2 protein chains.
Amino acid sequence: MTINHAILGILSYRPMSGYDLKKVIQDSLFMHWSGNNNQIYKALLELLEEGLVTGEVVHQENPPSKKIYTITSGGLDTLKAWTACAPEPASFRKSFLIQLAWADLLCDDALRELLRSYEEEIRLQLVMAREKIRRGSAFAARSGQEAFLWRMINENVLSSYQSELAWVERVLGQLPAALSGEVCKDEPSAD
Amino acid sequence: MTINHAILGILSYRPMSGYDLKKVIQDSLFMHWSGNNNQIYKALLELLEEGLVTGEVVHQENPPSKKIYTITSGGLDTLKAWTACAPEPASFRKSFLIQLAWADLLCDDALRELLRSYEEEIRLQLVMAREKIRRGSAFAARSGQEAFLWRMINENVLSSYQSELAWVERVLGQLPAALSGEVCKDEPSAD
DNA sequence: GGTGTCATGTAAACAGTTACATGATTTT
DNA sequence: AAAATCATGTAACTGTTTACATGACACC
């Protein structure tokens, strides 16, 4: 459950409530969770039990009250240990590729249309990503190194979309030749 | 549940058992599921109930017997309808980026080491992807168009890894400058 | 009077993984 | 004798999403 680590990371910047965490996660480029309550409030309970955060109820002038969570020194240690551990491989889930794999069933126009709508979809993702970057992080970088890392993270996300976009344009460009039946004559597809 | 569509797609090539499906999915580049029994056998039950496949028990000379599933014309229609529907956006889950986001806690050497091990990880993924491609598909392409699409799918996966690799190398290249503290002076990080 | 924000939480479902269980046969 | 392959399936769990429930206040 990586979301616990993500929450510890956010709380390392400043103490905040579950509600705040939800917004930070939703507005983030690289924290892929939808930011739903269920996961966040459950994670906070777990972190409390493990003593990695403390929770304090703060009564405001007007209700509702909120619970402000603060990372403990144990929490900081756990976070630091996690950041140093061996990275997991990235996972790409592109259900579009599965769609394409069986798209031989479609006629030429439908196939072209399918590729075009995927292209549109990626462009949309790119615009939204850029908008999130434009709005900036909710936090100030704590060091030049951190500012650098954050720029690299933004670049990573953008370059993923750009690579996907370049690919779909390549496919659309090669499609006419492929449809004319001139392609793949000398490419046996099974061994 | 996309795996049902993936299974329909595979069965559109040839009838086979759950066990065979498992292997096809595990050996595939782009079907991201682990190929676990639970999902496959459950999906097959659903497809049976919906009448999209038929199942026939085949007794072999030596046990165990197997159940061979065959796609129905209704199944083919469903598959075709699905291939034509609006594509979902690709989802990239890179827990490494979350790790990097809080990596300010690490010292220079640990950060460099972290990036290097991610680079290694991607290289490994790339090698495994190429190996899967080298072994080839379990099926012969039914048309030149299909052969073309399959090549494009392979290219997509490879270019995703290559883009990720290029990114991590860029980061490693820029790291010395970032660590020397010369970077980001004129880059306020919040708006 | 309806909609939106702040703020907590729960319920139900879907998606996906690991591990277990069985039993025969073949390979090491 | 142990391990791998063929082949079916189940159990338990983690992860993730959508939607619901509550209640005060503010804004249009």
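How many residues of chain A are in contact with chain B, and how many of chain B with chain A? Here are some notes to read alongside the model, which is a predicted one.

1. **The contact between the chains.** To take the opening question straight away: 83 residues of chain A are in contact with 82 residues of chain B. The area buried between these two chains is about 7800 Å², and carbon and sulfur atoms give 63% of that area.

2. **Polar and charged pairs across the chains.** Between chain A and chain B there are 22 residue pairs in polar contact, with both residues at pLDDT 80 or more. The salt bridges between chain A and chain B come to two. If you would like a pair to display, try A:Arg170 and B:Glu155: they form a salt bridge in which the closest N and O atoms are 2.9 Å apart.

3. **What chain A brings to this interface.** Several elements of chain A each supply at least two residues of the side that touches chain B: helix 1 (2–11), helix 4 (73–84), strand 3 (91–93), helix 5 (95–101), helix 6 (108–135) and helix 7 (144–179). Helix 7 of chain A gives the most, with 25 residues. By residue class, the side of chain A that touches chain B divides into 47 nonpolar, 20 polar and 16 charged residues.

4. **Strand pairing between the chains.** Strand 3 of chain A also deserves a look for its partner. Three bridges join strand 3 of chain A to strand 3 of chain B (residues 91–93), and the two strands run antiparallel. Within this pairing, A:Ser91 stands opposite B:Arg93.

5. **Domains of chain A.** The domain assignment splits chain A into domain 1 (3–84) and domain 2 (95–178). How far apart do the C-alpha centres of these two domains of chain A lie? The separation is 30 Å.

6. **Where the two domains meet.** In chain A, 11 residues of domain 1 are in contact with 12 residues of domain 2. The area buried between domain 1 and domain 2 of chain A is about 920 Å², with 68% of it from carbon and sulfur atoms. On the domain 1 side, A:Tyr13, A:Leu29 and A:Phe30 lose the most area to domain 2 of chain A, together 65% of what that side buries.

7. **Character of the domain interface.** Six residue pairs are in polar contact between domain 1 and domain 2 of chain A, both residues being at pLDDT 80 or more, while the salt-bridge rule finds zero pairs across this interface. Helix 2 of chain A (residues 18–27) gives the most to the domain 1 side that touches domain 2, with three residues. That side of domain 1 of chain A divides into six nonpolar, three polar and two charged residues.

8. **A salt bridge inside chain A.** Over all chains, the count is 14 salt bridges. One pair to view is A:Glu164 with A:Lys94, whose side chains meet at 2.8 Å, N to O. This pair links distant parts of the chain, 70 residues apart: A:Glu164 belongs to helix 7 of chain A, and A:Lys94 sits in the loop between strand 3 and helix 5 of chain A.

Key. Residues are numbered from 1 along each chain as its sequence is written. Chains are lettered from A and ligands numbered from 1 in the order in which they are written. Side-chain values use heavy atoms; hydrogens and water are left out. Contact means heavy atoms within 4.5 Å. Buried area is the accessible area (1.4 Å probe) that two parts lose on being put together, summed over both. A salt bridge is a side-chain nitrogen of Lys or Arg within 4 Å of a carboxyl oxygen of Asp or Glu. A polar contact is a pair of N or O atoms within 3.5 Å; within protein, one must be able to donate a hydrogen and the other to accept it, and residues adjacent in sequence count only if both atoms are side-chain atoms. Helices (H or I, at least four residues) and strands (E, at least two) are DSSP runs, numbered from the N terminus. Ala, Val, Leu, Ile, Met, Phe, Trp, Tyr, Cys and Pro count as nonpolar, Asp, Glu, Lys and Arg as charged, and the others, Gly among them, as polar. Two strands pair if DSSP finds at least two bridges between them. Domain bounds come from an automatic or database domain assignment.
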